[in-house]
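Please read the points below with the sequence and the model open beside them. They are meant as a colleague's notes.

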Amino acid sequence: MNAEGFKRRALLQGGSLALLLGIHEIARGATIVAVRVWPAEDYTRVTIESDGRLNSQQLVVGNPPRLAVDIEGIDLNPALRELVGKIKPDDPYINGLRVGQFAPSVVRIVFDLKQAVAPQVFSLAPVAAYRDRLVLDLYPQKPIDPLETFIAERMREVPKTQASRNAPPVAEAPAAASAGSEAPDPLGDLMAQQSVRASQQPSSAASAAAAGRAPAGGLPLQVPPVASAPPPAPAPARGGAMPNQTDRIIIVALDPGHGGEDPGAIGSNGTREKDIVLQIAHRLRERINASSVNGNPMRAFLTRDADFFVPLGTRVQKARRVQADLFVSIHADAFTTPDARGASVFALSQGGASSSAARWLANKENQADKVGGVNVGDHEVQVQRALLDMSTTAQINDSLRLGGAMLGEIRGIGARLHKGQVEQAGFAVLKAPDIPSVLVETAFISNPEEESKLRSTAYQEDLADALMRGIQRYFAQNPPLARSRQL
């Protein structure tokens, strides 16, 4: 081999060695750029963002419950130390944490837990504004049941209601008339029936909840002890209802889009979609809970009531678990230019989208799981596919009627409409097969004028009023099916 050949070979070998060393250094030298903690009743998420993929190992230790996570290939830096101060006292799962250099290029984080957890630890590739992320999701060992949570929320209202009912009547109102005017409380009856069945099954988890303690191997339920309340009086006969039945309760599932790691669209003044839609959902919930349909009380159920991320499939599953009559997903639109404006309402499409804009928006909204961060294994993929491929023509037709009623009321408050009719596209979050479902884009947060309106309390109130009237119009024309709910 001539001199030129030797030189070329030496350069190639040197380049290969440098490349290998570069990969090695990148693997061992990832830098932590941000840490975030998202506490919620459903689960607490801890996110560690870095400029390279992180490898980790974890160990769960009991009595007292702890979780140790070893992150390999990094050194302790100030960003990681910030985790300690990000733990809030009201975090349902984390009592505190310690972080330190466990070994060369290995950082150990020890979480002191308030209760036993079933952790999920996974990595997310760079997406949107995020770089590589190591995600630690701390779920309770016993999964939270949305229906249990829904009942628990109602139970917290019961003491106030009971106090007002048990208060001595004023002089002008005879006691008999006061008793005869007692408003029905179907959900309260349902909870009373639950406690009766629990007393008949002392070994069940429901019995443990009624006694104010956790079921064996489980978690304390967020329910006040039934024993502290007076025994429920026999419910008056209401159309011959069976002991395990109750009057019709109209449940509307409200789905504030995005949340947690997924901020949604962000306006030019920094307004985050996830915050605005949660505020609107809370306002609409107040109106729903104060309303009724043909004498039957309405109750709102939120797929998220705080700033945390909920996967698209889980949003649908939650609504189905509480047997919702309607599903309303609330968003604030965004486009690549600030010129787009106006509110829109969307329903599901079994075929193609009704417009290219609707298709674009559905594709964007369906990316929420990638931004928010979902631990998708083979099983989870199969479950989501089975759930989200069962849309029906009847559901879509009902959704179009609901969307039309809402769109008319939004027009009535003087809001500009992006499209004058309900549009359709393949939104994953609208694919509950048995619940009329719509997605409301309240305005374009990417438009400075509409961003300002979305931040306005007055506009949020007007919008909540309009959506409430749309729901009432829908039920006036499409009375809910008569059915009794049971646990």
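The numbered points below go from the chain as a whole to its sheets, one loop and the cavities.

1. This is a predicted model. The secondary structure of the protein chain amounts to 14 helices and 15 strands. Of the 487 residues in the protein chain, 45% are buried. When contacts between residues at least 6 apart in sequence are taken, 74% of them join residues at least 24 apart.

2. One sheet is open and has 4 strands, in the order β3-β4-β6-β5, with antiparallel pairing. Its edges are β3 (55–61) and β5 (94–103); each has a single partner strand, so one side of each is left without a neighbour in the sheet. On average, neighbouring strands of this sheet are turned by 15° against each other, direction ignored.

3. At one edge of that sheet, β3 pairs with strand β4 (residues 66–72) in the antiparallel sense, over 7 bridges. Within this pair, Ser-56 stands opposite Ile-71 in β4. The two strands β3 and β4 form a hairpin, with 4 residues between them. Asn-63, in the turn, has a positive phi of about 55°.

4. At the other edge, β5 and strand β6 (residues 106–113) are paired in the antiparallel sense, over 8 bridges. Here Ile-94 stands opposite Leu-113 in β6. For anyone looking at side chains along these strands, a general point applies: in a regular strand they alternate between the two faces of the sheet.

5. The loop between β5 and β6 contains Pro-104. Is Pro-104 buried or exposed? Its relative accessible area is 73%, so Pro-104 counts as exposed, the cut-off for that being over 50%. Pro-104 and Asp-75 are 29 residues apart in sequence, yet their C-alpha atoms lie 7.5 Å apart in space.

6. A further open sheet is formed by 7 strands in the order β10-β11-β9-β12-β15-β13-β14, and its pairing is mixed. The edge strands are β10 (292–293) and β14 (423–425), each of which pairs on one side only. Inside the sheet, strand β9 (residues 250–256) and β12 run parallel and are joined by 5 bridges. Asp-255 stands opposite Ser-329 in β12.

7. Which strands does helix α7 touch? Helix α7 (residues 273–289) packs on the 7-strand sheet and touches β9, β11 (296–302), β12 and β15 (437–444). The direction of α7 makes about 165° with that of β11. Helix α8 lies across β9, β11 and β12, and runs at about 165° to β9.

8. How many cavities of 30 Å³ or more does a search of the whole structure find? The search finds 4. The largest of them holds about 90 Å³ of space. Its lining consists of 16 residues, and those nearest its centre are Leu-312, His-331, Glu-365, Ala-368 and Val-429.

9. Two elements, α8 (312–321) and β12 (326–333), give two or more residues to the lining of the largest cavity. Both also appear in point 7, where α8 lies across β12. By class, the lining has 7 nonpolar, 5 polar and 4 charged residues.

Terms used
Residues are numbered from 1 along each chain as its sequence is written. This is a predicted model: local features need pLDDT of at least 70, side-chain atom pairs count only at pLDDT 80 or more; totals for chains, interfaces and linings use all residues. Side-chain values use heavy atoms; hydrogens and water are left out. Two strands pair if DSSP finds at least two bridges between them. Axes are lines fitted to C-alpha atoms, for helices over the stretch in contact, and angles run from 0 to 180 degrees between N-to-C directions. On a 1 Å grid over the protein atoms alone, a cavity is a set of points where a 1.4 Å probe fits but cannot get out, and a pocket is an open set with protein on both sides within 12 Å along at least five of seven lines; lining residues have an atom within 4 Å of a point. Grid points are joined across faces, edges and corners, and a volume is the space filled by probe spheres set on the points. Ala, Val, Leu, Ile, Met, Phe, Trp, Tyr, Cys and Pro count as nonpolar, Asp, Glu, Lys and Arg as charged, and the others, Gly among them, as polar. Buried means under 20% relative accessible area, exposed over 50%, partly exposed in between (1.4 Å probe, protein chains only). Contact means heavy atoms within 4.5 Å.
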